[in-house]
Amino acid sequence: MGKFLSEIKQNLSSNSLVWIKPIEDETDLWYAVEECKITSGQMEYVNPASFSVGRAYLDPENNVPCVIYNNENKRVGFISFRKIVLNKKGFNWSFYIDKNYQNKGLGRATAESAIKTLKNVDSNMPIFLTTEQNNELAQRLYINLGFRKADFLDGDDLVFIHE
């Protein structure tokens with residue numbers, strides 16, 4: 001088991017709405033890549049879970065794909081944690097909530113748990129999140145969670161930093 005995976009497992013944070021579990025079996029994997037669906041309008045904003053799972057397969061030391069569960073123990077989304085080790089050191093995640101569970105506060109609850117989890121792993125590591133320039137919903141969420149907009153881009157994407 002990679003060091004980052006073991007650190008994530010030891011520091012996973014949950015709250016009254018969601019808990020996050022690393023993918024460890026075929027049922028969770030199938031849910032993440034096949035069953036968890038987003039709205040057609042969201043498809044331009046997020047990579048499919050299969051992309052993140054593939055990245056974790058190629059670089060398991062720095063990527064941890066997970067399933068998001070609600071407080072009724074139902075799978076409601078996907079999140080992948082990433083440790084950035086290139087030019088900038090820090091953490092990153094990408095996630096989405098299944099379209100059947102959206103607008104219930106689960107996205108915000110997941111983001112809050114993700115921040116707490118990564119800060120428990122290393123409180124000195126910044127979290128970098130990117131979003132399309134026209135994804136105002138994500139931008140508002142990030143700012144409300146204490147991220148600040150960076151003065152640089154990642155390709156065409158805006159970058160937000162939580163330190």
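**Aromatic pairs, nonpolar cores and a helix contact**

Trp19 is partly exposed, with a relative accessible area of 32%. The value falls between the 20% limit for buried and the 50% limit for exposed, so neither of those terms applies. The model is predicted. Tyr69 is buried, because its relative accessible area is 6%, under the 20% limit.

By the ring-centre criterion, six aromatic pairs are counted. Trp19 and Tyr69 form one that is stacked. Their ring centres lie 4.4 Å apart, and the planes differ by 10 degrees. Trp19 belongs to strand S1 (residues 18-22). Tyr69 belongs to strand S2 (residues 63-70). The pair therefore ties together parts that are 50 residues apart in sequence.

Tyr142 and Phe160 form a pair of another geometry. The centres of these rings are 5.7 Å apart. Their planes meet at 65 degrees, so the pair is edge-to-face; that class requires an angle over 60 degrees. Tyr142 sits in helix H5 (residues 136-144), and Phe160 in strand S7 (residues 157-162). Parts 18 residues apart in sequence are thus tied together by the pair. Both partners are buried: Tyr142 has a relative accessible area of 10%, and Phe160 one of 1%. Ring pairs also join Tyr142 and Phe160 with Trp93 and Phe147 in a cluster.

Trp93 and Phe147 reappear in the nonpolar interior. The largest nonpolar core comprises 31 residues. Those with the most contacts inside this core are Ile68, Ile79, Phe81, Trp93, Leu118, Ile127 and Phe147. Helix H4 (residues 106-121) gives the most to the core, contributing seven residues. A second core is separate and has eleven residues. Among its members are Ile23, Tyr31, Val67 and Tyr96.

Helix packing was examined next. Two packed helices are described by the angle between their axes and the distance between the axes. Helix H2 (residues 26-35) packs with helix H3 (residues 49-58) at an angle of about 135 degrees. Their axes are 8 Å apart. H2 and H3 are therefore oblique to each other, because the angle does not exceed the 145 degrees beyond which helices count as roughly antiparallel. On the H2 side, the contact is made by Leu29, Ala32 and Val33. On the H3 side, Ala49, Ser50 and Val53 take part. Five of the contact residues are nonpolar and one is polar. No charged residue is found in the contact of H2 with H3.

Note on methods: Residues numbered from 1 in each chain as written. Predicted model: local features only at pLDDT ≥ 70, side-chain atom pairs only at ≥ 80, totals over all residues. Heavy atoms only, no water. Core = buried A, V, L, I, M, F, W, Y, C linked by side-chain atoms within 4.5 Å. Buried < 20%, exposed > 50% of the residue type's maximum accessible area, 1.4 Å probe, protein only. Helix = DSSP H or I, 4+ residues; strand = E, 2+ residues; numbered from the N terminus. Phe/Tyr/Trp six-rings, centres within 6.5 Å; stacked < 30°, edge-to-face > 60°. Axes fitted to C-alpha atoms, helices over the stretch in contact; angles between N-to-C directions. Parallel < 35°, antiparallel > 145°, perpendicular 65-115°, else oblique. Contact = heavy atoms within 4.5 Å. Nonpolar A, V, L, I, M, F, W, Y, C, P; charged D, E, K, R; others polar.
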